Amino acid sequence: MNLVNGINLWKTYNMGEGIQVNALRGLNITVNEGEFISIMGPSGSGKSTLLNLIGGLDTPTKGDLFIDDKKISTMTEKELTTMRAEKIGFIFQTFNLLPSLTVRDNVEFPMRNLTGAKKMDKKSRIKRAEDCLEIVGLDHRMNYLPAKLSGGERQRVAVARALVNHPKFILADEPTGNLDSEASDNIINLLHEVNQEGTTVIMVTHDKETTKNTRILKIRDGVIES
Amino acid sequence: MFDIAFKDLTSKKSRTIMVIIGVMTCVLLIGVISFITYEITDAIQVDANNIAGKLVFETNGTGYPPSGSNIPENVSNQVLADSVVNPDKSSAIILAALPHNSTTTTFLMGLNPGSEQAFINSTQVTGTDSLVSQSNNSVILGYQAAKDYNVTVGDTFTVKNEQFKVVGVLAKQGIGTTSLQDESVIAALPFVQNFAQRPGLVTADIITPNNGVSLGNAQNTLQNNYGNNTYVVYTQKDALQSLSSTESGTFIFLDMIIAMVIIVSAILIMVVMMMSVKEKTREIGTMRALGTSRRRILLLIFYESLIISVLGGIIGIILIIPLYDLFIYLAGGGALGYIYSIPLSILLEVAIVVLFIGSFSGLIPAYQAMRISPIEALRYE
């Protein structure tokens, strides 16, 4: 089943004074449930723009994008926010943990964004956060602030945070970009474990080493080459 | 989001403490100024209450207290002898300034012995409240006057080579700044006329109408019979108006200071919260990417400014009394512990101001935070 289906996607940025930049130029993409996708490409090729669209942070200028069978180009801001909370787990290159919250609170945070029937009480949220931290092997760091952790540990917290809401897929934007090779291997292994449990992973990367056992999509000049 | 707002604030302790101190200082200023206004208002009310149900006959245009008034004694006697006047509860008075070392003014108040109730009313007294059968230099002191001369019943004190013998001391009136009675040294009328070198003159008549005569009737009768555009008959309402207009400039000045303090306080929190939003752009972007709604981002910033205001407000309220005590003490108003409780009206005023500052100053930064685009924010370094 298609989890992401983008057809003839265009994204045009208006730079002012009549200058327009096409970041995506009729890009087509299909991601099936359970896949591990690696998106590669040079700077300015449209990787980040594509990730923003798939992540529901932006909408295409032209073309149709379906996420889990829902057309996102016609979604309201509120619907996009709900979709991000419920269906997508984000992992950033710079970790983006909330510095004033402990590791446990950081992982618990996305569950606060669930609404309606998916809303959870505090006890359940904490239990789930602790379970996810156990999965990434950081149950002994729950009460630490992010500043006290190494880069690799912070990214593992980010993986746990991405997992807590049982997302349909995880979007990882160069998750190993700021890590040494050992920490990098750990994170990639962790993402493969998560993928084997059934969660789809879409990863943007520059590092060929991290793309083993994944389907690689090469993007250049706003279109997918292969 | 309340707990996250709290954690955000505690993670930036120095800045949070500085802003709380800023708000606390503003609250202290507002509280102390409100206290001063409250006390002046209370003292005005007490002064006006002292002539409740009475009339004051005095020179036209002198207001209340009638310190600038001068009436020939024969005119005063005619007024007091009128059929609408109750002679037992009415009296001519003479006011003269009495020097001492304190910053407050003391009045030497001359009354006809036996008619002291016209001025003393129901104020509690230590010693006697009558000058009848007392020596010529006997005086009854108001609360503040006794403090100023540091005397009690049985003591004597000397001013301008004249010795005064204290036969009674009155309790303090109201809770506010001192009233005319608190600041008075009450003596026999002839003694004061002699001391002030104003023979044959009185300052005013304090008049209680006879039984069966209404205040309005007595006022009209006395005004028509003895007024002649030279004298005027004041009621309690007129006195209150006169007292309030005397202090209106002070009230406007104090209100202006309060308004300035509120504006400065609101701007202080607003600027700090705007800086905080700017610093947290990436965090807010992350929250938005993780599915936090705009409404909840707005609440986060709003709560932060509210927490700062409320904490500053609570500490400020707690410190109002000690600071006001110190203020009174430094102004020469007596020992620390002068006033023990904050009136509810001041508490409510400060609470409303704190909530207003907290919510109003948080609105613009919160709106700013709510508008942050997650894409721009995640790119922000």
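**Entry 1: strand E3 of chain A**

I looked up the partners of strand E3 (residues 36-40) of chain A in this predicted model. E3(A) runs parallel to strand E8 (residues 200-204) of chain A, and 4 bridges join them. E3(A) also runs parallel to strand E9 (residues 215-220) of chain A, again with 4 bridges. I picked Ser38(A) to see what it faces. In E8(A), the residue opposite Ser38(A) is Met203(A). In E9(A), the residue opposite Ser38(A) is Ile216(A).

**Entry 2: cover over E3(A)**

Is E3(A) mostly covered or mostly open? I found it mostly covered, with 5 of its 5 residues buried. For this I counted a residue as buried if 20 or more other C-beta atoms lie within 10 Å of its own. I then sorted the residues by direction. Phe36(A), Ser38(A) and Met40(A) point one way from the strand. Ile37(A) and Ile39(A) point the other way, and these too are buried. Side chains in a regular strand alternate between the two faces of the sheet.

**Entry 3: the sheet around E3(A)**

Next I traced the sheet that holds E3(A). I noted an open sheet of 6 strands in chain A with mixed pairing, in the order E6-E7-E8-E3-E9-E10. Which strands are at the edges? They are strand E6 (88-91) and strand E10 (223-224) of chain A, each of which pairs on one side only. I also noted a helix on this sheet. Helix H5 (residues 151-163) of chain A lies across E6(A) and strand E7 (169-173) of chain A. The angle between H5(A) and E6(A) is about 170°.

**Entry 4: where chain A touches chain B**

I turned to the contacts between the chains. On the chain A side I recorded 18 residues, in contact with 15 residues of chain B. Helix H2 (77-87) and helix H3 (103-112) of chain A each supply at least two residues of that chain A side. H2(A) gives the largest share, 4 residues. By type, the chain A side divides into 9 nonpolar, 7 polar and 2 charged residues.

**Entry 5: chain B as a whole**

For chain B I counted 12 helices and 12 strands. Why do I call chain B more spread out than a compact globule? Its radius of gyration is 29 Å, and the globule rule gives 21 Å for 381 residues, so the value is well over the rule. Along the principal axes, the C-alpha atoms of chain B fill a box of roughly 95 × 45 × 30 Å. Buried residues make up 44% of chain B. I last checked contacts between residues of chain B at least 6 apart in sequence: 81% of these join residues at least 24 apart.

Methods
Residues are numbered from 1 along each chain as its sequence is written. Chains are lettered from A and ligands numbered from 1 in the order in which they are written. This is a predicted model: local features need pLDDT of at least 70, side-chain atom pairs count only at pLDDT 80 or more; totals for chains, interfaces and linings use all residues. The radius of gyration is taken over C-alpha atoms; the globule rule is 2.2 Å times the number of residues to the power 0.38. A residue is buried if 20 or more other C-beta atoms lie within 10 Å of its own, exposed if 12 or fewer, and partly exposed in between; C-beta atoms are placed from the backbone. Two residues are in contact if their C-beta atoms, placed from the backbone, lie within 7 Å. Ala, Val, Leu, Ile, Met, Phe, Trp, Tyr, Cys and Pro count as nonpolar, Asp, Glu, Lys and Arg as charged, and the others, Gly among them, as polar. Two strands pair if DSSP finds at least two bridges between them. Axes are lines fitted to C-alpha atoms, for helices over the stretch in contact, and angles run from 0 to 180 degrees between N-to-C directions.
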